[in-house]
Amino acid sequence: MPILLGLDTGGTYTDAVLFDQAKIANHGIATHGGGSAAESPLVHGGVLATAKSLTTKHDLAIGLKGAIEAVLPRLPEGVKPSDIALVSMSTTLATNAIVEGHGAPICLILLGYDAKALERAGLKQALGSDPVVFATGGHKPTGDEQAPLDIEAIRAAIVTHAPKVAAFAVSGYFSVRNPSHEIAVRQMIRDLTDKPVSCGHELTSKLDAPRRALTVALNARLIPQLQQLIRAVSGLLAEQGINAPLMVVKGDGSLIDQQVALTCPVETILSGPAASLVGARHLSGADTVMVSDMGGTTTDIAMLRHGRPVLNKEGAVVGGWRTMVEAVAVHTYGLGGDSEVRIDEHHGFMVGPRRVVALSLLAHLYPKTLDTLRAQLANEDMMAYRGQFALRQRPLDTGAEGLSEGQMKVWEALGDGPVALADLVFSPAIGRHLARLVDRGLVIISGLTPSDAAHVLGRQTSWCVEAAEIGAELFLRRASFAGWVPPKTGQELAGIIVEQVVLQSARVILDTAIAEQAGIDTHHWGTLGRYLVDRSISHDQSSAALIDVALKLNFPLVAIGAPVGSYYGEIARRLRTELIIPPHADVSNAVGAVAGGVMQRVAITITQPTEGVFRAHLPSGLKDFVDLEVAAAFARDVAATEAGDMAKKAGAVDIELNHERADKVFEQAGGLKIFMESQISATAFGRPALAHR
């Protein structure tokens, strides 16, 4: 039987699953719509063995090696690692990097844009201090050049910024109608530097220049992190003698070859949630349900309808940014087992959205930090940042020149391991330097989390219980404000943390349901709407209340992820719905990584720039026709060829093609019809190629 290895690198854990490929063939999700909606997968069918290891962001190979080495000895008798036919992985790294505002420094080159473009789609906010170059060029909606490309200015900008950035992003005005300027600049960057480059036309065929620029900027920013991950996996597989194709899960749940993923890492936005949906379907047999995936960093909520993930064709929204990446319609919230417990000056006691390292885990990994915590507990003096540490999270994504002098001093101070913030941050300037390193994902803070609360309450014992208990006591010494009055003991605080996680989780599930059903998001709930929701999920349902509020989730709730056992029984009770926690729920993402197929789509637009001329905007350039049907037939052939080639490049075999055509025609009074444009698309589906044995 063909054995597959599924991997998932999350914010806290790295998971590994050995899988029987025959179970996928008979019972997996057909991402392209094949098979009957009534077909139900075998509950946890195909899972042969699972393993978990802590994710080590400073060196991903360590966590991956731990998971792989833990699962391989459990191969069926007579099966060797070299017999594994496919390796596929999902990752929350891209999603988490955007949610937490992390990413490598980039240079964004805008061709034909005006400066006001930065104010749209949140582009300026997303870029932060990264350099932006405005250059003459770009095209008109017809695909004709609106201005010549300023070659010399672009060349100078590339040379100037290359030493200080990790990647380049290029977005040309109406490049989806004519990509020639983006292609020329991409070649210049490759000739002058060794830095990766992303172009807008490679990622989407849709209009909306500012949002396309945002998407390509995010893509470039994610390349170094995905490179680190794929290199780590490839090296480890070679060590184990595994010579099999390596695939990565896209945001729509389909798979792509590792080399394709390296050029388009933004397509792995929501890779983890997409894989979790595929895995949830396979493990639970659920048909139409709401799926909540709670990890260390985020809670991702999405719908399965008739056994298939619901997609957001308008573009994935992550961390407040609306991209142009077609992905599962998932609502991602900064709420997980490792979310920061904090007191917000406006909202009071809260959990998240930032991820920190649990104190119980920190002391488990670095035992000396327990001595520091003990000393802080014994010290009755006023102390800033008590119970908090800083530590390196991953290697530098640029050379030393990518850090300021102050940032480099902080970076060097963390060279020997975690440092207590009370000993590190002794001036506002150092605090700002540290914050910048945290924003870039190079450094992470350690503090009190729901995972610590679970240790205090005895619900979890895998890490250092004493560190969690001390962390809770130190948290109680923080000044109370925003109306929050601290409890008397760490045990009480731990109970309050768990209750807060239950409340926030139930609230975001209802938020998702209300948005899906009525299109109303939390910004439009108003005071009354928020009161009704919060009253419905409150643990205090006093009979003395004048109004009884009871919102009910009509669909079952499938809960997956390592922490769900601690919270979701109570969450489902307050949502008045059925709860399904399937077998292997804690590794659902890794299961989903090997249960998907390959899918690639190419869309070509036909416009009418002048009377009697039908222009096909092809990936290679423009081609004019005098007959619409001839143009459409030609576009269909090109789209089919391109989609098939992309599917092969993405690692597919046994490829099938589907075609679609949508004409936009304006009908005037009197019945006169005017052609506006036509969208010709081809979608290629296939199963991932297996290694030949």
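This report describes the predicted model of one protein chain, from its overall build to selected strands, helices and residues.

## Overall build

The protein chain holds 22 helices and 31 strands. Its radius of gyration is 26 Å, and this agrees with the value near 26 Å that a compact globule of 693 residues would have. Measured out along the principal axes, the C-alpha trace spans about 85 × 65 × 60 Å.

Of the 693 residues, 57% are buried, and among the contacts with a separation of 6 or more, 72% join residues that lie 24 or more positions apart. The accessible surface amounts to about 28200 Å², with carbon and sulfur atoms contributing 52% of that area. The chain carries 61 positive and 72 negative charges, and the mean positions of these two sets are 1 Å apart.

## Strand E9 and its partners

Strand E9 covers residues 246–249, where Leu-246 and Val-248 point one way while Met-247 and Val-249 point the other way, and all of them are buried. This arrangement fits a general pattern: in a regular strand the side chains alternate between the two faces of the sheet.

E9 pairs with strand E4 (residues 86–91) in the parallel sense over three bridges, and in this pairing Val-87 stands opposite Leu-246. E9 also pairs with strand E10 (residues 255–257), here in the antiparallel sense and again over three bridges, with Val-248 placed opposite Ile-256. E9 and E10 form a hairpin with five residues between them, and in its turn Gly-253 has a positive phi of about 95°.

## A four-stranded sheet and helix H13

An open sheet of four strands runs in the order E21-E24-E22-E23, and its pairing is mixed. The edge strands are E21 (357–358) and E23 (419–420), each of which pairs on one side only. Within this sheet, strand E22 (residues 389–392) pairs with E23 in the antiparallel sense over two bridges, and Ala-390 stands opposite Val-419 of E23.

Two of these strands also take part in the packing of helix H13, since the buried residues of H13 pack against E22 and strand E24 (443–447), as well as against helix H14 (421–424) and helix H15 (428–439). In H13 itself, which spans residues 405–413, the buried positions are Gly-406, Gln-407, Met-408, Val-410 and Trp-411.

## Strands E27, E28 and E29

Strand E28 (residues 613–618) is mostly covered, with five of its six residues buried. Four bridges join E28 to strand E27 (residues 598–610), and these two strands run antiparallel; the bridge partner of Thr-610 in E28 is Val-613. E27 and E28 form a hairpin that has two residues between the strands, and in this hairpin Gly-612 takes a positive phi near 85°.

E28 is also joined to strand E29 (residues 621–625), by five bridges and likewise in an antiparallel run. Here His-617 has Leu-622 of E29 as its bridge partner, and E28 and E29 form a hairpin with two residues between them.

## Two residues in their surroundings

Thr-683 is found in strand E31, which covers residues 673–688. Thr-683 counts as buried because its relative accessible area is 11%, which is under the 20% limit for that class. Leaving aside neighbours within four places in sequence, Thr-683 is in contact with Met-599, Gln-600, Arg-601, Glu-656, Leu-657 and Asn-658; among these, Met-599, Gln-600 and Arg-601 fall in the stretch 598–610 that forms strand E27.

Arg-507 lies in helix H18, which covers residues 490–518. With a relative accessible area of 22%, Arg-507 is partly exposed, as this class lies between the limits of 20% and 50%. Not counting residues up to four places away in sequence, Arg-507 touches Trp-525, Arg-530, Val-533, Asp-534 and Ile-537. By contrast with these contacts, Lys-649 lies 142 residues from Arg-507 in sequence and 42 Å from it in space, C-alpha to C-alpha.

How values were computed: Residues numbered from 1 in each chain as written. Predicted model: local features only at pLDDT ≥ 70, side-chain atom pairs only at ≥ 80, totals over all residues. Heavy atoms only, no water. Rg over C-alpha atoms; globule rule 2.2 N^0.38 Å. Buried < 20%, exposed > 50% of the residue type's maximum accessible area, 1.4 Å probe, protein only. Contact = heavy atoms within 4.5 Å. Areas by Shrake-Rupley, 256 points an atom, 1.4 Å probe, with all protein chains shown as cover. Lys, Arg positive; Asp, Glu negative; His and termini not counted. Charge placed at Lys NZ, Arg CZ, Asp CG, Glu CD. Pairing = 2+ DSSP bridges.
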